[in-house]
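Open the model in your viewer and keep the sequence panel visible. Each stop below gives a selection to make and then says what is there.

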Amino acid sequence: MPTGAGKTAAVLLAWLWRRRFHPDPAVREATPRRLVYALPMRVLVHQTYERAVSFVEGLGLGAGQTDRPIRTALLMGGSRDREWWLYPEDDLILIGTSDMLLSRALNRGYAESRFHWPIDFGLLNNDALWVFDEIQLLSEGLATSRQLDGLRAALGCWAPTPTLWMSATYHPAWMETIDGPPIAPEQVWTLEPADLEAAPDLAKRMNAPKRLERLSLTVPHGETKVRRYLTGLAELVAERHQPGALTLVVVNTVERAQRLFDALRRSAVWKKAPAGAQPEVLLLHSQFRPAERERLNQELFAPPSDHPAGRVLVATQVVEAGVDLSARTLITELAPWPSLVQRLGRVNRYGEHDQADVLWIDVEPKASAPYEPETLEEAKGLLEQLPADRIAPADLQAVPYEGRPGYRHIVRRKDLLDLFDTTPDLSGNDIDISRFIRADADLDAHVFWRSWEQEEAGREPPGDWLPVQRSELCPVPVYGRTRGLQEFLRRTWEKGRAWRWDHVEARWVRVTQIDAIRPGHVVLLPARLGGYDPQLGWTADPGDGPVEPVVAERRDDEPDQREAESTAGDPWSTARPWITLRDHTDAVVAELDALLERLDLASVPEAVVRALRKAARFHDWGKAHPHFQGRFLDAAEEAERAARAGEVWAKAPRSRLRPFIRHEVASALAFLDHVAREAEDDLAAFLIMGHHGKVRLGLRTLRPRHGTLDDDGSLFGLRDGDRMPEDGQTVDLGGGVRVPSVTLHLAPFELGSADGTPSWLARVLALRDDPDLGPFRLAYLEALLRVADMRASMKEVSPHAAG
């Protein structure tokens, strides 16, 4: 579909129509409740989000407009992205970048808490329509999207989860992967001549006049030559800019874009111009923090009257997708053909100019990065064949382009099954999924800057900080000789160190091996190390500093880093009002029942629903453990302790819990040993164990630097033979369910048993590999229980917290 044809609006409105307005109820019910819109670039996903919001509110379907609102959400990473997943029963438009979304679909969400991974994995792989925009820019991610589509069909979901791919350039060979289902010709849509005849405005866009011209400049190799090139390019931009219009300049690297931006701001041509006659110069690339990116959005899309002299936008590849711009003049470095088609689509986009100019610059083979020289030669050959006045979108459709992505890494069924286990290895490392997301040159980590007392003396950051917020996160390349994060850390090694959060140690730990930093990691840098400029973004220059940290306000219900992001932490059990185990369990069951009623999942068997309800009833049984109850009471004043004794508590305002204890492990052990009798009870036990995302399939001690069993023979803070509760009293779990005092046994965590009962690992693997369940369905059930638990806990703090 040619760029400028309105793909975004067509997809958003078509989904809204089918989900809410189609006259056939069967069509409405068959339309997935979540629309997941993946863009290949980070910058200006806000623009697509704002369009979605305008459509939803224009139809009267926004929050406060109806009792069944359609939610709209941005997925950007960070601790405050929970608003979308807390309401899995609601219709949702979720917009994010392909790396953020695909990493979550692979159960390894970038810039996301590891304990949250299974929730996203479950919700994004069930009852969702995936839309991938501008697939020619996805590289390895395109193959992964095809594989996931096929694996969902093979392994099963509770509700249909289809995929739609969109691009202005397309070749059937791009979609050929091992597990991706074949695409029939009738499944491919494109614009036909009859479409243009029926839509004059669209025809105007498709035939908007543009004139092609090759410039005498060439992008050179070598620092001295590049400096001269940028000086000459700045002069040319100043010369060719049309007052009152937008001039778009696209270069192929962030470093050149930053240097050109500086050169244009210093341009002697514009400095001589009278006040008000100098155009606004803006810089757009992918390596900004959201805080600065929001400011840029506002400037970029401000009304033209705000800048009568016009604007000059210096950009990188980020303008090729998700940026609805219309320039009078485009100056672009040579790029692969699909990228050029996108760049040309940002010129005279609506046909509002009688004439528009496209000026292109050749690139020396040694300066081709981040592209391969062969792809640039192919694009140059196609450009040279085009008539100078025949480069409208309708003309470009006829250009014979058959470029094929060279996929090097394909996510297979075994890979996906391995990713179901979120337990890190004994070194604390996880399976690296970056090879399935992007090409090596495009792999990013996420950096944020903060200051703290005695940082220069090497003191570690405080553990009671607010968890990292998405407004702080700056995507930066991991690799690269001049701009890579690893190289930056080598240059600043003597000045200060980077830090990463260790969820087992429950503290910030120094990065001691630079090469261990991987794509998707979240890295803390001391503000004084520099590397960032608010006007330029990530510069990898220690001279650009100190960096002003982004300050976020803490919400009343937001725990600190140590509680939220440690395997031993249990923030929803402490710093809360006194809530009995009975009352909390009843609240969770009620939330789950309300969820199931709204979801109305006809495809879910009754036995599975029973398992889910059992899990809700027994999920916090382990809080009856004497150490849990003792610590609740030990933290209370003497009079309050006496008043609270004799009841089993699920929440308390203060506590000092035994280090590393996990109540959900105790709950699952007690359930398996003393309740489980039905076929669905292994499933219920798994959901109980996983209801915080901290212990699921693999087992690893929570005590740092030890093996599976702690030195005292305990596992997850529990010892074989622990009595729960210790006083032999029964425990009221609400709903008329009372359970006796029980003895805990760690036998399920052994590799085998004398009586032949399966180990915990064997039980979960059987569920994962069950054709009637499988990884996607299992994770969805996990998500539902965790959402019910979270919503109940939030309402216990504030009755309106999860409304």
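Select P546 to begin; this residue is in the loop between strand 18 (537–538) and helix 19 (561–564). The model you are looking at is predicted. Show the backbone and look at the bond before the proline: G545 and P546 are joined by a cis peptide bond, with omega about 0 degrees. Now go to P725, in the loop between strand 21 (723–724) and strand 22 (731–732). Here a cis peptide bond joins M724 and P725, and omega is about -10 degrees. Most peptide bonds are trans, and most residues other than glycine have a negative phi.

**Two positive phi values**

Select D127, in the loop between helix 6 (117–124) and strand 4 (128–132). Its phi is near 55 degrees, a positive value in a residue other than glycine. D127 has a relative accessible area of 7%, so it counts as buried.

Next select N348, which is in the loop between helix 14 and strand 11 (357–363). Phi of N348 is near 45 degrees, again a positive value in a residue that is not glycine. Is N348 buried or exposed? With a relative accessible area of 0%, N348 is buried.

**The whole chain**

Zoom out and colour by secondary structure. The protein has 27 helices and 24 strands. Of its 803 residues, 59% are buried. Among contacts with a separation of 6 or more, 77% are between residues 24 or more positions apart.

Now colour by pLDDT. The average for the protein is 87, and 89% of the residues score at least 70. Select residues 701–709, where pLDDT stays under 50. For this stretch the model has 22 contacts beyond four places in sequence.

**The nonpolar cores**

Select W337, L485, L525 and W538. These are the residues with the most contacts inside the largest nonpolar core, which has 213 residues. Which helix gives the most to this core? Helix 27 (residues 774–797) does, with 13 residues. Apart from this core lies another, of 21 residues, including A9, F55, I70 and M76.

Keep W337 selected and show what surrounds it. Beyond its neighbours within four places in sequence, W337 is in contact with T169, A379, L382, L383, L386, L396, V399 and Y401.

Then move to Q342, in helix 14 (residues 337–344). Q342 counts as buried because its relative accessibility is 0%. Leaving out neighbours within four places in sequence, Q342 is in contact with T3, E134, Q136, A168 and E320.

**An aromatic cluster**

The whole structure contains 18 aromatic pairs. Select W452 and W465: their ring centres are 5.6 Å apart and their planes are at 80 degrees, so this pair is edge-to-face. Both W452 and W465 lie in the loop between strand 12 (444–450) and strand 13 (474–477), so the pair ties together parts that are 13 residues apart in sequence. W452 counts as buried, at 11% relative accessibility, and W465 counts as buried at 14%.

Add W508 to the selection. W465 and W508 also form an edge-to-face pair, with 6.1 Å between the centres and 70 degrees between the planes. W508 is in strand 15 (residues 507–510), and this pair links parts of the chain that are 43 residues apart. W508 is buried, as is W465.

To see the full group, select F448, W452, W465, W499, W501 and W508, which form one aromatic cluster. Then add R450: its charged end sits over the ring of W465, 4.8 Å from the ring centre. For another such arrangement, select R696, whose charged end sits over the ring of F420, 4.6 Å from the centre.

**A polar contact beside the tryptophans**

Select E460, in the loop between strand 12 and strand 13. What does E460 touch, not counting residues up to four places away in sequence? The list is W452, W499, R507 and W508. The side chain of E460 makes a polar contact with the side chain of R507, at 3.0 Å. E460 and R507 are 47 residues apart in sequence, and their C-alpha atoms are 8.2 Å apart. At 31% relative accessibility, E460 counts as partly exposed.

**Last stop**

Select R617, in helix 21 (residues 606–618). R617 is buried, with a relative accessible area of 13%. Setting aside residues up to four places away in sequence, R617 touches T585, D586, V589, L733, G734, G735 and V737.

Definitions and conventions. Residues numbered from 1 in each chain as written. Heavy atoms only, no water. Core = buried A, V, L, I, M, F, W, Y, C linked by side-chain atoms within 4.5 Å. Buried < 20%, exposed > 50% of the residue type's maximum accessible area, 1.4 Å probe, protein only. Helix = DSSP H or I, 4+ residues; strand = E, 2+ residues; numbered from the N terminus. Contact = heavy atoms within 4.5 Å. pLDDT = per-residue confidence, 0-100. Phe/Tyr/Trp six-rings, centres within 6.5 Å; stacked < 30°, edge-to-face > 60°. Lys NZ or Arg CZ within 6 Å of the ring centre and 35° of its normal. Polar contact = N/O pair within 3.5 Å; in protein donor to acceptor, adjacent residues only side chain to side chain.
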